[in-house]
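Student: Please take me through one part of this structure closely, and explain each term when you first use it. I would like to follow every step on the picture.

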Amino acid sequence: MEKVFQLNRRKGHVVLYFWLGVVLGILPPVLAILAELYFQKLPFSLWAVSYAFRKDPILWVFMLGPLVLGAIGYFLGRQQDLMIKLAASLEEKVTQRTTELQESSQVQEILNALLRLSLGNLSLQEMLEQALERIVTIPWLPTDPKGGIFLTSEDNPNILLLRASHNMAAPLLKSCARVPFGTCLCGRAAQSRKILFTDCVDEQHEIRYEGIKPHGHYNVPIIHREKVLGVLVLYVPEGHHPHPNEKEALQAIAHTLAGMITARRAEEDLARQKKFFETLVQTSPAAVVVMSNDHTIQSCNEAFLSLFEYTLQECIGQKLDDLIVPPEAQQQAQQYSQQALAGNLINQTAQRRSKNGRLIDVKISAVPVRIEGEIVGVIAIYHDITELLKAKREAEEAAKAKADFLANMSHEIRTPLNAIIGMTSLLLDTPLNDEQANFVETIRNSGDTLLAVINDILDFSKIEAGKMTVEKVPFNIAYCIESALDLVAAKAFEKRLELVYVLQENMPVKFQGDITRLRQVLVNLLSNAVKFTSEGEVTVSVAVENVQGTLHTLHFQVRDTGIGIPKDKLHHLFEAFSQADTSTTRKFGGTGLGLAISKRLIELMGGTIWVESQEGKGSTFHFTIQAELASGTASLFPRQAQPTLAGRRLLVVDDNATNRLILQKHASSWGMSVSTAASGKEALQHIEHERFDLMILDMQMPEMDGLTLAQEIRKHPAAAQTPLIMLTSLGRKPEGVESVSFSAFLSKPIKTSQLYNAVCEVLASRPSAETAVPQKPAVFDATMGDRHPLRILIAEDNLINQKVAIGLLKKLGYRADIAANGLEVLDALRRQEYDIILMDAQMPEMDGEQAAHIIIERYPPGKRPRLAAVTANALEGDRERFLSAGFDDYISKPIQVEELVRVLQSTVPLAHKTTRPLRLNSGTTSSGD
């Protein structure tokens, strides 16, 4: 009404001023006309008025006055209306701006109130509830005092959980407790990230309940850095028309809520983490202390107080080093602290002192504490290792006791074995009848078997103790396999088994590795194969499985045609003291350690071992090793055509297909033309139709053996002069070969290099003198003493071992003197000079090591006898220990003749003889000087 009245007032000014101007404009001309008529004494008529205007034309000017004054009045009235309108507009804007400022102030008050809430010590839940109470009371927003705040679930960010509510109906609280994104208005607001408004929510709504009253809804998403944190829901009356200012204010409130929620969550997470770490430190079984830059204690846990027997009040603010470090360790402790404060990690063991003066062995771990890159202190952790060190000392003592036991066991068992094997070796070299020789050989074999058992047990003990190591030296793989086959060849011959090996074509044969351990594995597997095979063959094959630079993975296979292994026993095969069947131990013997030792050795060489077997049809043991390629000769024998052999025709006669295949492959690679025959009859058929430059005959064949076949060949005119090479498993020439002229004899298993040399020699038109199989050289060379004279002193306290050593030396042409202990050795050296002393390590009164030490002190190099340790100590590292103690050589008991010969041959007789020591040591009076 006020606006209408003001509008009417504006229209009234225009009319009023207009008519006022007209009235004021009419009045002067009327008065002028009346005055003119009066002064002219004319009557008041139209003629008189017209006469007056004609007589005085200026009256026309007066007649325009009303029009001019009316126009002036109109414009004046309009200006007045404009001024009134402008004043009303300004008043309206002032009123509107005042309202806006009041609303903004109210919003700001709400925001300030929310911020004050965020600065308080309220929990997130309490903060949301109080914030909602303030929001629903915004004076200018016509909201009902109802609403809620939903937050996203920590478990599922697409679920809204009602965290705070105000005056919401009880059924609604239950229905809205968990709202998925996209469901209901609040879920859709969260999904769309936009404010959603509706002017009516009634019983048709998605979430409804009994007694619902129509109302409007504001649903404001709470967003922080593009992440939806929740939704603010406010109730408004039905039919409410939203104003833009409302949305802007609600967005500001939601933004403030987002900051409050994020900050409080971060604070709660930080507090939770702090509490977690504080609890972790306080409940840690390790002693933990925090030290500031000035080395004073800031905090410590219960374990620290318990370990060092202090109270918390006695620790806080004290210097850590003054509190728990013994005086003698102060300097070292200060260095640790300085290093930690310099940013280094400390991990040391030391002793620290408790309040009562008790010294505690501790492991110290210390790290610097950094805040924003600046070191503000050190956290130190102390582990009480008193029991650990005690257990370590006990373990070391137990390990030493075990090593001492193994050494003593080795010595005590090897000492009588030395007598058994040594005396049987001497006895076998005397005239014996067949029965006596058989008895002695049985004793010798039993001694060798017992020695093998002892070696297995000692090897396994060394592996279990972690003392077994593998070497890396150049070796020839073909030589390694051939030497392993040689060791089982005799037993294979006794059982009429074929022993063969196959190398992958063109594979290198020179590698870096431990030939001794590799040969030990091969001998173990070959011995088992021969042991459990009654007929057929045992084959070793090697191939390169993988190559990475110079590192080769070699795949070995040892295949036999023996009894096989049941499938249910395979998984126990590589366990210690285990065999596939306990009955095999009774039937075949063995400790059950061979495969367990082989497995460990193969693992040390970077490989694995497994087995494939079929009961009654044999077994194949596979294993791999890692070996570096060695420089030098790439292959053991030529693998390309040789001028001497190219085009030559060769006949191979052998009933074993594997042997035939191996011989054929080797000869073909040398350029020879090879034919094969599986029997004597088939070979004679070949001779009827072909001529050959060379024939290789196997001695042991069914129906017709190699000797009989050779005699038949010599009867054939075309082959009477053909060179013949015999293959035999006997290790010597068979009886009756004199009747047939053989060009060469080769022993099985076939060594490729020997085969190649023999074939080349025979076909090179060399003299056809009989090339017999190299006989095993006699064990004893009675002329050695004459060829290489030495003065020998035996230091041995055991009478039987004295007899063994004297007997062995006598067979080699030497005589020796005897000393029963180290003191007698020193007495003997004062009487005369010796070139070598065979010194037992364990002797009464003065052992061998003590005597050796005195001899080395008294006699300079070149003037003292060579010292060879002869001992039953044969554990890993014993040889190195004796050599590092000053001994020149080492022989393990039982004494092997070959080892004894090697040591004697490497001894150089002294050039200048003396009868007294060249240098005496005043500290050796106890030696008997």
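Tutor: Strand β12 (residues 473-476) and strand β14 run antiparallel to each other and are paired over 4 bridges; strands (E, at least two residues) and helices (H or I, at least four residues) are DSSP runs, numbered from the N terminus, and two strands count as paired if DSSP finds at least two bridges between them. What you are looking at is a predicted model, in which local features need a pLDDT of at least 70 and side-chain atom pairs count only at pLDDT 80 or more, while totals for chains, interfaces and linings use all residues. Residues are numbered from 1 along each chain as its sequence is written, and side-chain values use heavy atoms, with hydrogens and water left out.

In the pairing of β12 with β14, Asn-476 stands opposite Lys-510 of β14. Strand β14 covers residues 510-513, and its side chains alternate: Phe-511 and Gly-513 point to one face and are buried, whereas Lys-510 and Gln-512 point to the other face and are not buried. Here buried means under 20% relative accessible area, exposed means over 50%, and partly exposed is what lies in between, with a 1.4 Å probe and protein chains only. Such a pattern is what a regular strand gives, because its side chains alternate between the two faces of the sheet.

Strand β14 also pairs with β18, in the antiparallel sense, through 2 bridges, and in this pairing Gln-512 stands opposite Glu-628 of β18. From β18 we can move on to β16, since these two strands are antiparallel partners over 9 bridges, with Phe-556 having Phe-623 of β18 as its bridge partner. Strand β16 in turn is joined to β15 by 10 bridges, again antiparallel, and one of the facing pairs is Ala-543 with His-555 of β16. Strands β15 and β16 form a hairpin with 2 residues between the strands, and there Gly-549 takes a positive phi near 70 degrees. Of the 10 residues of β16, 7 are buried, so this strand is largely enclosed by the rest of the structure.

These strands bring us to the largest nonpolar core, which has 46 residues, and those with the most contacts inside it are Ile-477, Ile-481, Leu-503, Leu-522, Phe-556 and Phe-623; a nonpolar core is a set of buried Ala, Val, Leu, Ile, Met, Phe, Trp, Tyr and Cys residues joined through side-chain atoms within 4.5 Å. Among the elements that give two or more residues to this core are the strands β15 (537-548), β16 (551-560) and β18 (618-629), together with the helices α15 (477-494) and α16 (515-531). Notice that Phe-556 and Phe-623, which are bridge partners, are both named among the residues with the most contacts in this core. Another core, of 32 residues, lies apart from it and includes Leu-128, Leu-132, Tyr-218 and Met-260.

For comparison, look at another set of strands, an open sheet of 6 strands in the order β3-β2-β1-β6-β5-β4, with antiparallel pairing. Strands β3 (178-180) and β4 (196-201) stand at the edges, each with a single partner strand, so one side of each is left without a neighbour in the sheet. The twist from one strand to the next averages 25 degrees, where axes are lines fitted to C-alpha atoms, for helices over the stretch in contact, and angles run from 0 to 180 degrees between N-to-C directions. Within this sheet, β5 (residues 215-224) and β6 (residues 227-236) pair in the antiparallel sense over 9 bridges, and His-217 stands opposite Tyr-235 of β6.

Next to this comes a point about the backbone, at Arg-193, which lies in the loop between α7 (184-192) and β4. Its phi is near 65 degrees, a positive value in a residue other than glycine. Most residues other than glycine have a negative phi. With a relative accessible area of 39%, Arg-193 is partly exposed. Glu-845 also has a positive phi, of about 70 degrees, although it is not a glycine, and its place is in the loop between β26 (836-840) and α26 (848-858). At 67% relative accessibility, Glu-845 counts as exposed.
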